[in-house]
Each structure stands twice: as structure tokens, then as C-alpha cells.
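I opened the notebook to record what I looked up in this structure. The entries follow the order in which I checked things.

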Amino acid sequence: MISPDTSDSIPFLAEDACPDPCGELAPWKILIVDDDPHVHAVTELILRHISFRNRTLQIYNAESAAAARDLLQREPDFAFALIDVVMETADAGLELVHHIREERKDRAIRLVLRTGQPGYAPEQDVVLAYEIDDYKSKTELTAQKLFTSVVACLRAYELITEINALNAELEARVAMRTAELQKLAMLDPLTGAGNRRHLEERAAAEIADCQRTGRELGVIMFDIDHFKHINDTWGHAAGDLVLQKVVQTAAAQLRATDFLARIGGEEFVILVPGDGLAGAVHIAERIRAALAGCPVCAQAASIPVTSSFGVTVVTETSLDGALVRADEALYQAKHGGRNQVAAAA
């Protein structure tokens with residue numbers, strides 16, 4: 001049994017502990033699990049004035065493993081638990097340790113087993129079989145040794161929780177960076193439109209949705225008229241600016257459900273779910289008019305920009321056939337005088 005008398009008094013409180021409550025930090029949560037009320041009283045008497053890292057101890061008492069499970073469920077973040085082995089059953093304490101480590105998956109809480117019947121559960125067997133920090137008989141766990149054990153376990157718990165927090169922060173940063181990289185891998189770096197890979201993935205999803213709902217998926221293909229002339233006359237920097245402005249202008253005319261991708265130098269594809277050929281033609285005409293009415297300013301020059309459009313709908317289970325028909329319609333628009341929309345059913 002723990003001895004609280006002066007012959008076993010605590011001569012010092014270590015470099016990190018102080019005898020009086022300090023500051024306003026949340027206390028360390030300590031769980032005492034034992035079926036002997038006297039053990040709870042003596043343990044609390046010894047521990048109640050200890051403070052570590054400017055944090056006092058908040059002691060919770062459970063007189064059975066079942067009561068301890070309820071406490072653990074209601075009160076998270078226990079730092080330390082002192083657990084009797086034999087309580088309502090001969091191995092109740094061991095089952096509680098298994099519950100904490102394997103069922104609750106709590107690897108942070110520090111666990112010390114103590115028993116009045118060390119021969120029943122031999123120390124070597126218990127230490128090897130259970131993830132605990134110490135195993136003491138009740139006769140050897142004096143006040144000084146209890147203090148030492150608590151402080152050592154709190155120090156270990158603090159380190160483990162700091163490492164866990166750092167790992168969680170690192171994992172969050174890695175996840176964020178991975179998401180950013182995945183997003184970048186799906187975008188055209190110059191214009192911010194989707195790239196061909198993104199188009200293929202989005203098209204597969206939209207086609208599947210349209211097949212399920214009975215809607216039609218419109219496809220618009222367009223490119224910038226005389227784009228080589230723009231590059232040759234004003235330079236490639238101006239050409240890049242034109243590409244960016246075209247994407248910005250086109251995107252402003254689209255709905256949230258529409259999708260714009262750059263698939264080549266000055267060639268773009270738009271997926272228009274839901275409104276069929278007529279709806280896709282209407283959106284294409286709106287984009288054409290917006291581009292024609294908005295010259296791009298670059299190098300002190302106003303560069304006129306027009307585009308030609310080919311529109312169709314998906315009738316197959318992939319985008320390939322629709323792209324062929326949209327390209328043919330785009331060819332008709334160019335040979336019809338450019339800056340116009342042509343459709344192919």
C-alpha cells in the first residue's frame with residue numbers, strides 16, 4: 001500500500017515541477033482505477049499538490065474497469081492512468097489496458113499497472129504482452145516512487161503529444177500540397193483552363209451522368225482566328241496575353257456546370273451539359289460576341305481578337321466522336337469567313 005507518511009516524503013519536485021498551482025494552463029488529467037477506496041484517498045493525498053510544467057493535476061477516480069471505460073469515453077485526453085490489475089475480474093486491469101491501446105487506439109496516454117497480487121500476473125509476462133510504462137506491486141509503489149512515476153509519464157506524454165501534433169501538422173501540409181499539385185496537374189499553366197487530361201476525366205464523368213439522367217452533353221470547340229499573325233506581329237508575349245484574356249472572357253460567359261479546357265496552342269474545348277445542341281450553340285455565340293467586342297491591349301496596341309466555333313453533342317460513350325464532329329464544324333466556320341459558329345448534329 002502507498003505510504004503517505006513523512007518517512008517517504010517527496011524531498012524535491014524535479015526541475016519541471018512546483019508544489020503550488022501555477023498559471024492558468026489546463027490541468028493534466030490523471031485517472032486512478034482501483035476497487036479499494038482507501039487507495040484512491042491515499043493516492044489523491046499524495047498527488048493533489050503536485051504541479052508539472054505549470055499545470056496542476058486533475059484526478060479522476062474509477063472503482064472498476066467498467067467505470068474507467070465510461071470516464072475515458074466522456075473525458076478525452078487523459079495523460080496518465082494508474083490501473084489496478086485485479087478488480088471486478090481477475091484480469092480487469094489488463095483488459096482495460098487492451099481496451100485503451102487496441103480499441104480506443106490511444107497510444108499517447110501513459111499507463112502504469114499496480115497490483116496487490118504480483119504472483120497472479122507475473123511482471124515479465126505483463127510487460128511483454130501489454131503496452132504499459134511500468135508495473136508495480138502496491139507494496140513497492142511508495143509516495144516518492146509514485147511521484148517519480150507520474151512526472152516521468154507526464155514528461156513522456158507531453159513529448160508524444162507534441163510529436164503527434166507536429167506529425168498532424170506535417171500531414172496536413174503534405175495533403176494540402178498534394179491537392180495543390182494534383183490541381184496543377186489538371187490545369188494549363190498559362191491560362192488556368194483545364195488541360196487535356198482534365199478534359200478527358202471530366203468528359204467521362206459528364207457522359208456517365210448524362211446517360212444516367214437522359215440529358216445531352218454539348219461540346220464546343222473553338223480556336224483564335226489568325227493567332228499566328230498575332231504572334232508574328234506583336235510577339236509571343238502578346239500572344240500569351242491574348243490566350244489568357246480569351247480564357248478569362250470565355251469563362252465569364254459560362255455557367256458553373258460548364259467546363260473549359262485548352263487542348264492545343266490556341267485551341268479550346270468546352271463541355272456544356274444539359275441543354276443539347278441549341279443550348280451549346282447559344283453559349284458559343286455568346287462567347288464569340290464577347291471576344292469580338294473586347295480587343296486585347298498589349299504593348300501599347302489594341303489587338304483585335306475573334307474566334308471560330310464548332311458545336312456538336314455527344315452521341316457515344318466517349319468524347320472522341322464528338323471532338324471529330326466539333327472539329328469538322330469548326331473547319332466549316334473558318335471556311336465560312338471565321339468569327340462565326342457552325343454546328344454539326
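**Entry 1: aromatic rings**

I am working with a predicted model. I began with the aromatic side chains and counted five aromatic pairs. I then looked at Phe222 and Phe268, whose ring centres are 5.1 Å apart and whose planes meet at 20 degrees, so I noted the pair as stacked. Planes under 30 degrees apart count as stacked.

Where do Phe222 and Phe268 sit along the chain? Phe222 is in strand E8, residues 217–224, and Phe268 is in strand E10, residues 267–273. They are 46 residues apart, and the pair links distant parts of the chain. I checked the exposure of Phe222 and Phe268 and found both buried.

Phe222 also forms a stacked aromatic pair with Phe309, with 4.9 Å from centre to centre and 20 degrees between the planes. This pair too links distant parts of the chain, as Phe309 lies in strand E13, residues 307–313, and is 87 residues from Phe222. I found Phe309 buried, like Phe222.

Elsewhere I noted a cluster in which ring pairs link Trp28, Phe52 and Tyr157.

**Entry 2: salt bridges**

Next I turned to charged side chains. Side chains of opposite charge can pair when their charged atoms come close. How many salt bridges does a search of the whole structure find? It finds 25.

I looked up Asp188 and Arg262, which form a salt bridge with their closest N and O atoms 3.2 Å apart. Asp188 is in the loop between H5 and helix H6 (196–213), while Arg262 is in strand E9, residues 259–262. The two are 74 residues apart, and this pair links distant parts of the chain. Are Asp188 and Arg262 buried or exposed? Asp188 has 12% relative accessibility, so I put it down as buried. Arg262 has 16%, so it is buried as well. The cut-off for buried is under 20%.

I then checked Asp232 and Lys228, whose side chains meet in a salt bridge at 2.8 Å, N to O. Both residues are in helix H7, residues 227–234, and because they are four residues apart there, about one helical turn separates them. I found both Asp232 and Lys228 exposed.

The side chains of Arg325 and Glu316 also meet in a salt bridge, at 2.7 Å from N to O. Arg325 counts as buried because its relative accessibility is 16%. Glu316 has 29%, so I listed it as partly exposed. After that I found a network: Arg101, Glu102, Arg107, Arg110, Glu131 and Asp133 are joined by salt bridges that share partners.

**Entry 3: a charged patch**

I looked for charge on the surface and found a patch of negative charge where Asp35, Glu63, Glu88 and Glu95 gather. I followed up one of these residues, Glu95, which is in helix H3, residues 92–103. Glu95 has a relative accessible area of 40%, so it is partly exposed.

**Entry 4: positive phi**

I checked backbone angles next. Most residues other than glycine have a negative phi. Which value does Asn54 have for phi? I read a phi near 65 degrees for Asn54, a positive value in a residue other than glycine. Asn54 is in the loop between strand E3 (51–52) and strand E4 (55–62). Its relative accessible area is 42%, so Asn54 is partly exposed.

I made a similar note for Arg338, which is not a glycine but has a positive phi of about 65 degrees. Arg338 is in the loop between helix H10 (320–335) and strand E14 (341–343). With 29% relative accessibility, Arg338 counts as partly exposed.

**Entry 5: one distance**

My last look-up was Ala165, found in helix H5, residues 143–185. Its relative accessible area is 44%, so I recorded Ala165 as partly exposed. What separates the C-alpha atoms of Ala165 and Val126? I noted a distance of 30 Å between these atoms, and the two residues are 39 residues apart along the chain.

Definitions and conventions: Residues numbered from 1 in each chain as written. Predicted model: local features only at pLDDT ≥ 70, side-chain atom pairs only at ≥ 80, totals over all residues. Heavy atoms only, no water. Patch = residues over 30% accessible without salt bridge, like charges linked within 9 Å, V, L, I, M, F, W, Y side chains within 5 Å. Areas by Shrake-Rupley, 256 points an atom, 1.4 Å probe, with all protein chains shown as cover. Salt bridge = Lys/Arg side-chain N within 4 Å of Asp/Glu carboxyl O. Lys, Arg positive; Asp, Glu negative; His and termini not counted. Charge placed at Lys NZ, Arg CZ, Asp CG, Glu CD. Buried < 20%, exposed > 50% of the residue type's maximum accessible area, 1.4 Å probe, protein only. Phe/Tyr/Trp six-rings, centres within 6.5 Å; stacked < 30°, edge-to-face > 60°.
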